[in-house]
Amino acid sequence: MPVVKDFFIALSNNKFMNESAKKMGPALGAKKVVAGVDIDSTIDTVERLNMRGISCTLDNLGEFVTTRHEALEAQQNIVEIMRRNYNANIDAHVSIKLTQLGINIDKEFAYKNTREILLKAHEYGNTFVNIDAEKYEDLVGITETLDRLKGEFKNVGTVIQAYLYDAMNIMNKYQDVRLRLVKGAYKEGPNVAFQTKEEIDSNYIKLIEHRLLTSNAFTSIATHDHNIINHVKQFVKDHHISNDQFEFQMLYGFRTDYAYELAGEGYNFTMYVPFGEDWFGYFMRRLAERPQNLNLILLDIFNK
Ligand code: FDA
């Protein structure tokens, strides 16, 4: 349903809607997929998930960062999350977005902000820092930043989007880097990205298999797709790939029972836990990729 997808992606990019939603607080079902507005409630969520054998990656949501002040604030918030995680002794790391750290303001400034986060991560148990993949227009900035940081720090990684024609080449550049493999969440044109589900799924499987066979670095397979998860389970069995080499990841609030099941079967599992006031864009992207997520809104209305 491309029209529905376009509609929600357009909403996710609408600054006025994002700002208004921020003032309103999580609503319209977003509470089911956003862990809370502050770090305290989020730490409670992480503790509950840790008890089920699930690790977490925390994303302090933030869209439309346009000033250096906002970017520095985002950087300080991320450092504070790492400090709180460390002090609470929970199993959680952070996922960051370079747009939030000012990459569209000044690449050098965003690099310094990211480096500062990695220096602090060293103080807080050398916790892992994942750089999320964003729109294609930000890809060069993201990879250039990672290229400068990966020699100095071992605890940094990024995300490969299978919808990109160039995904295999980008992935192969990062043989020694921890990577998360995803299908891709943004709207990209046919000049850079596959457009059909069949093509994206097929490229996703190709990337996963190639990565698991050729790299010793840790790989996160981030999907809610049971067909792909079942395929990976069989593939690692057939190729004697150890469970220590990879994990599954899902987004908080989606297929939670399935997540518990996979963790219970002994697979490493990490839940991506977004939190914060800036929930609207994130929630709209989730509706764009799966309009059935609208059920979350109905549940919210009927639960009142
Ligand atoms: P997809 O949405 O294609 O669904 C495939 C099938 O799985 C469906 O047809 C259905 O059968 C089943 N299914 C899916 N969701 C279900 C549900 N809730 N309930 C029941 N069945 C369901 N993107 C990006 O561009 N940059 C990033 O940094 C990240 N990071 C990231 C982290 C994590 C942990 C995850 C899980 C995802 C991301 N993504 C991302 C998003 C990713 O690119 C992608 O948009 C979504 O994961 C949706 O694709 P899926 O692979 O989940 O399957």
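These questions and answers walk through a predicted model, from its ligand shell to its nonpolar core.

Residues are numbered from 1 along each chain as its sequence is written. Local features need pLDDT of at least 70, side-chain atom pairs count only at pLDDT 80 or more, and totals for chains, interfaces and linings use all residues.

Student: Which element gives the most residues to the shell around the ligand?
Tutor: A residue is near the ligand if its C-beta atom, placed from the backbone, lies within 6 Å of it. By that rule 21 residues surround the ligand, with Asp132, Val182, Ala185, Ala222 and Thr223 the closest. Strands E4 (156-161) and E7 (246-251) each give two or more; strands are DSSP runs of E, at least two residues, and helices are runs of H or I, at least four, numbered from the N terminus. The top contributor, with 3 residues, is E7.

Student: How many charged residues does the shell around the ligand have?
Tutor: Ala, Val, Leu, Ile, Met, Phe, Trp, Tyr, Cys and Pro count as nonpolar, Asp, Glu, Lys and Arg as charged, and the others, Gly among them, as polar. The shell has 10 nonpolar and 5 polar residues. Its charged residues number 6.

Student: Is lysine 197 buried or exposed?
Tutor: UniProt (unreviewed entry) lists Lys197 under "binding site"; such annotations may be inferred rather than shown by experiment. Lysine 197 sits in helix H8 (residues 197-214). Buried means 20 or more other C-beta atoms within 10 Å of the residue's own, exposed 12 or fewer, partly exposed in between, with C-beta atoms placed from the backbone. Lysine 197 has 11 such neighbours, so it is exposed.

Student: Which residues does histidine 224 touch, beyond four places away in sequence?
Tutor: Histidine 224 lies in the loop between strand E6 (219-222) and helix H9 (226-238). It is partly exposed because 17 other C-beta atoms lie within 10 Å. Contact means C-beta atoms, placed from the backbone, within 7 Å. The partners are Met250, Phe254 and Arg255.

Student: Which helix gives the largest share of the largest nonpolar core?
Tutor: A nonpolar core is a set of buried Ala, Val, Leu, Ile, Met, Phe, Trp, Tyr and Cys residues joined through C-beta atoms within 7 Å. The largest has 73 residues, and Leu181, Met271 and Val273 touch the most other members. The largest share, 6 residues, comes from helix H11 (residues 280-289).

Student: What does arginine 84 contact, leaving aside neighbours within four places in sequence?
Tutor: Arginine 84 belongs to helix H4 (residues 68-88). With 18 other C-beta atoms within 10 Å, it is partly exposed. Its contacts are Ile39 and Ile43.

Technical notes
Contact = placed C-beta atoms within 7 Å.
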